[in-house]
Amino acid sequence: MSVSLHEIINRLRGSVILRDSSWAIAGNAVGRGLSMIAGIVVARWLGAEIYGEYGLIKSTLAYVATFATFGLGYATTKYVANRINTKEPTDIIVKVSLYITFIFSVIMALCLWFGSEYLSDDDHIVTALKYTSLIIVFYAINNTQIGLLAGFGDFRAIAINNAIVGVATFVLSVALTFYYGLEGAAGALFSATVLQCVLNHISVRRHRQEINGSTWRETRSMTGELLRFSFPIALQESVSIVAELLRMFMIINIAEYKQWGLFTASNQWYVLLLFIPGALRNVILSHLSGNEGTESHERVFNTMLKINLVATAIPAVVILCASPLISYFYGSTFTGFTAVLIIAIATSLLGCAAGIYTQEFFSRGKNWTIVCGVLVRDMGALVLSYPLLRIYGREYGAAIMYSAILLTHLFYCVILHMKYRSYIKSRI
């Protein structure tokens, strides 16, 4: 029986997953797009050397905030979605998760503030690190707030807040950098982060007004439960960061800076291809957690897997076809870039699938499975690449490292798929 175009459109309009995905993608596209443009303007006005200090602020912020959030961005999404599904109060999760995030982020901020002088002898670098410590608390709270809103299914609020912050980041970065240089750029980053924290707080508050309070005993119990759930997530994120730092150290010291340049340039395209899957992570976890234990859980998983693979495969084919042209624009010094880029494109498809399986296991509370898998995947790539880097590193260092990452990603996906299928069969 044929289905008319009108019926297909009506089904798509009625799809909650499609609606939430659209909001998530739109909000991230506007926010990140304007932030990227602002970054280009900032780089042009500051110059390469000072912009490097600004890059240090943003990189350190991302790394330290990973520890400060303590994996609660994912934990809150799962727990709130589960409680909404079972009609239980969620106010306790909101209070406890924000409380834990605040405590951990303040500790990390103080460590960075007082430890900045031991990390560098350069006064500019020390000042930059202290700027970063001021932002960490708001940045970490933002991540937890977004996790809460995702659990509530309020992706519209997340998208609107991201878009507003993107506009503010652009305006403030351009204006303050023009007048105050590095201090202005850092001030713009701080102001935008605080603004997002305020907007997210207002959005979360709307949901808290609809639910009841909790006793001290319930609060203590939930604190322990959230920490037990979020600790392996924080550990998994830490493993990835350590692996990234070791990867950089190995390529630079065994091969040369040119190979690290090839790897970094290719990795930018890898990250670009995973933009949509990254934007949909909270959507995926929210819907999987909300449907945990129901017959529709597997259908949600398959739908999100297809959406993410298509969203990654289409631009991947375009970039693959344009890879010679892309290599040409990088210049003659980037010899061998096309081969590394092709490997990165193939890895992005596996990275997309791995992200879906990761959210699936998080939704079922199998966090330690992901920790072990990521540990084997990321450290395995370093072990596989090391002997070849020692021999062929100077000519093919970037290609060797990305090939090792491709192989370990493939192994990781196969293992997760097998465990997922065994879980599905056990329910039949």
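In this predicted model, His409 sits in helix 16. With a relative accessible area of 7%, His409 falls under the 20% limit and is therefore buried. Leaving aside residues up to four places away in sequence, His409 is in contact with Tyr270, Thr347, Leu350, Gly351 and Arg377. Two of these neighbours return below: Arg377 as a partner in a salt bridge, and Tyr270 as a member of a nonpolar core.

A convenient next stop is Arg377 itself. Arg377 pairs with Asp378 in a salt bridge whose closest N and O atoms are 2.8 Å apart. Both partners are shielded: Arg377 counts as buried because its relative accessibility is 13%, and Asp378 counts as buried because its value is 6%.

This pair belongs to a set of 4 salt bridges in the structure. Another of them joins the side chains of Arg421 and Glu298, with an N to O distance of 3.6 Å. Arg421 belongs to helix 16 and Glu298 to helix 13, which spans residues 297-321, so this bridge ties together parts of the chain lying 123 residues apart in sequence. Here the partners are partly exposed, with relative accessibility of 30% for Arg421 and a relative accessible area of 26% for Glu298.

A further salt bridge brings together the side chains of Asp154 and Arg206, at 3.7 Å from N to O. The two residues come from distant parts of the chain, 52 residues apart: Asp154 is in the loop between helix 6 and helix 7, while Arg206 is in helix 8 (residues 182-208). Their surroundings contrast, since Asp154 is buried at a relative accessible area of 14%, whereas Arg206 is partly exposed at 44%.

The loop that carries Asp154 also holds Gly153, which lies between helix 6 (123-152) and helix 7. Gly153 is partly exposed, with 26% relative accessibility. Along the sequence, Gly153 and His287 are 134 residues apart, yet their C-alpha atoms are 8.3 Å apart in space.

Helix 7 follows, covering residues 155-180. Its 26 residues reach 36 Å from the first C-alpha to the last, close to the 38 Å expected at 1.5 Å a residue. The buried residues of helix 7 include the nonpolar Phe155, Ile158 and Val165, but also Asn161, Asn162, Thr169, Ser173 and Thr177. Just after helix 7, Gly181 adopts a positive phi of about 65°.

Helix 13, already met through Glu298, can be described in a similar way. It contains 25 residues and reaches 36 Å between its first and last C-alpha atoms, close to the expected 36 Å. Among its buried residues are His297, Val300, Phe301, Met304, Leu305, Asn308 and Ile319.

Phe301 leads on to the nonpolar interior. The largest nonpolar core has 47 residues, and Phe301 is listed with Ile93, Met222, Leu226 and Ile370 as having the most contacts inside it. Helix 16, residues 367-427, gives the most to this core, with 8 residues. Apart from the largest core lies another, of 32 residues, including Leu262, Tyr270, Leu382 and Met401. As for Ile93, its contacts beyond four places in sequence are Thr76, Tyr79, Val80, Arg83, Leu148, Met222 and Leu226. Two of these, Met222 and Leu226, are themselves among the residues with the most contacts in the largest core.

The surface has a nonpolar feature of its own. Val376, Leu410, Phe411, Val414, Ile415 and Met418 form a patch with about 530 Å² of accessible area together. Leu410 is located in helix 16, and its 43% relative accessibility makes it partly exposed. Helix 16 thus holds both the buried His409 and the partly exposed Leu410.

A last long-range contact involves Glu237, found in helix 9 (residues 216-254). The C-alpha atoms of Glu237 and Tyr63 are separated by 9.4 Å, although the two residues are 174 apart along the chain. Setting aside residues up to four places away in sequence, Glu237 touches Thr66, Gly71 and Tyr74.

Terms used: Residues are numbered from 1 along each chain as its sequence is written. This is a predicted model: local features need pLDDT of at least 70, side-chain atom pairs count only at pLDDT 80 or more; totals for chains, interfaces and linings use all residues. Side-chain values use heavy atoms; hydrogens and water are left out. A nonpolar core is a set of buried Ala, Val, Leu, Ile, Met, Phe, Trp, Tyr and Cys residues joined through side-chain atoms within 4.5 Å. Buried means under 20% relative accessible area, exposed over 50%, partly exposed in between (1.4 Å probe, protein chains only). Helices (H or I, at least four residues) and strands (E, at least two) are DSSP runs, numbered from the N terminus. Contact means heavy atoms within 4.5 Å. Patches are made of residues with over 30% relative accessible area and no salt bridge: like charges are joined within 9 Å, nonpolar side chains (Val, Leu, Ile, Met, Phe, Trp, Tyr) within 5 Å. Accessible areas come from the Shrake-Rupley method with a 1.4 Å probe; for residues, only the protein chains shown count as cover. The expected span of a helix is 1.5 Å times one less than its number of residues.
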